Amino acid sequence: MTQPLTAGPVHRPFRFGILRLGIRIIVRLLFRVRVEGADRLPDGPAMYCSNHLNWTDPLILLSVLPASPKLAMFGPKEADMTKGGRNRLIVWAGFGIPYRPEKTDLLETTRRVQGVLADGWVVVIFGEGRIHRGERELLPLAEGTAFFALRGGVPIVPIAINGTSWLGFRRTIRIRVGEPIQPIGRASRESVGTLTRRTEDALLGLVADFPDPPRPGTLGRWLTELFNDWPEGRRPALGQGDAAGTDLASRASLAPSADAPLGEVATPPAG
């Protein structure tokens, strides 16, 4: 018999504050963190949608995002949140919205997220669902973010993390907050697709100017890959992997040329 998911999130401001303080101290000691556009964060419930480059991204966001409105994170994908130190810490602090990795609880998860938004929480979600290689690239976003926003009638706030594809001592990590994207209409297939594309475009615009950092030393490489789970089985080379060629420059090179005959697409340069 399938066990019920751990309840969450649960508002535990004291525990959550202790956890955030510890994370903030560690993050600030290791890195230079720069936040841009924090004034764009809404005062009420919203979906915060971020790109995902490294296992540390959730920790870095926890260290810089305000605790008010109440903050929850969508995930992790776990059938049993009582196992593992990370999962027990998330349950203790009360900020996780777990769901089953086999996705057999979609209706329950939808109801849970809608209840959280209705109660005034902000939900942080990594819309790509997994990490990828390039700082300026983006995997296709899952449609869940847009679906939850349309169902809840709350905006999506794109938040771009840059500088975590390679971690290095005192290197700069940039958090850039984009303009909130207001949902329009009901949660139909068409409106979900449109809102998902708008969110993808916003995130790509936010990360478009950040250079890929150089490979760090031994300690930096170890920290970078400590808990990374590469779908490719190993870290892909720069310019390779599932997200390769998804940056704005590559999109532009694939856009139809004004001089090309109708139905033809400009061919990207080789190399």
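In the predicted model, strand 3 (residues 71-77) supplies the largest share of the lining of the largest pocket, namely five residues. The pocket holds about 1700 Å³ of space, and its lining comprises 45 residues, of which Phe74, Gly75, Pro76, Lys77 and Tyr99 lie nearest the centre. When the lining is divided by class, 25 residues are nonpolar, while ten are polar and ten are charged. The chain in which this pocket is found has eight helices and seven strands, and buried residues make up 45% of its 271 residues. Among contacts with a separation of 6 or more, 76% are accounted for by residues 24 or more positions apart.

Phe74, one of the residues that lie nearest the centre of the pocket, is also a partner of valine 123, a residue of strand 5 (residues 122-126). Although 49 residues separate valine 123 from phenylalanine 74 in sequence, their C-alpha atoms are 6.4 Å apart in space. Valine 123 has a relative accessible area of 0% and is therefore classed as buried. Beyond its neighbours within four places in sequence, valine 123 is in contact with Ala46, Met47, Tyr48, Ala72, Phe74, Ile97, Val116 and Leu117.

Ala72 is likewise touched by phenylalanine 95, a residue of the loop between helix 3 (85-93) and strand 4 (96-99). Despite this position in a loop, phenylalanine 95 counts as buried because its relative accessibility is 7%, the cut-off for burial being under 20%. With residues up to four places away in sequence set aside, the other residues that phenylalanine 95 touches are Pro9, Phe16, Leu19, Leu62, Leu71, Met73 and Ile90. The C-alpha atom of phenylalanine 95 is separated by 8.2 Å from that of arginine 12, which is 83 residues away along the chain.

The packing of helix 5 (residues 144-152) was examined next. The axes of helix 5 and helix 6 (residues 189-207) come within 8 Å and cross at roughly 115°, and the crossing is right-handed. Helix 5 contributes Ala146, Phe147, Ala149 and Leu150 to the contact, and helix 6 contributes Ser191, Val192, Leu195 and Thr196; by class, six of these residues are nonpolar and two are polar, with no charged residues. The buried residues of helix 5 are Thr145, Ala146, Phe148, Ala149 and Leu150, and, in addition to helix 6, they pack against strand 2 (46-50), strand 3, helix 4 (106-118), strand 5 and strand 6. Glycine 153, which follows helix 5, has a positive phi near 65°.

Two further features concern the backbone of loops. Most residues other than glycine have a negative phi, and most peptide bonds are trans. Arginine 170, although not a glycine, has a positive phi of about 65°; this residue is placed in the loop between strand 6 (156-162) and strand 7 (172-177), and its relative accessibility of 28% is the reason why it counts as partly exposed. The peptide bond from serine 68 to proline 69, for its part, is cis, with omega near 5°. Proline 69 belongs to the loop between helix 2 (57-64) and strand 3, the strand that gives the largest share of the lining of the largest pocket.

Conventions. Residues numbered from 1 in each chain as written. Predicted model: local features only at pLDDT ≥ 70, side-chain atom pairs only at ≥ 80, totals over all residues. Heavy atoms only, no water. Axes fitted to C-alpha atoms, helices over the stretch in contact; angles between N-to-C directions. Helix = DSSP H or I, 4+ residues; strand = E, 2+ residues; numbered from the N terminus. Left-handed = near helix turned anticlockwise from the far one by under 90°. Contact = heavy atoms within 4.5 Å. Nonpolar A, V, L, I, M, F, W, Y, C, P; charged D, E, K, R; others polar. 1 Å grid on protein atoms, 1.4 Å probe; cavity = no way out; pocket = protein on both sides within 12 Å on 5 of 7 lines; lining within 4 Å. Points joined across faces, edges and corners; volume = space filled by probe spheres on them. Buried < 20%, exposed > 50% of the residue type's maximum accessible area, 1.4 Å probe, protein only.
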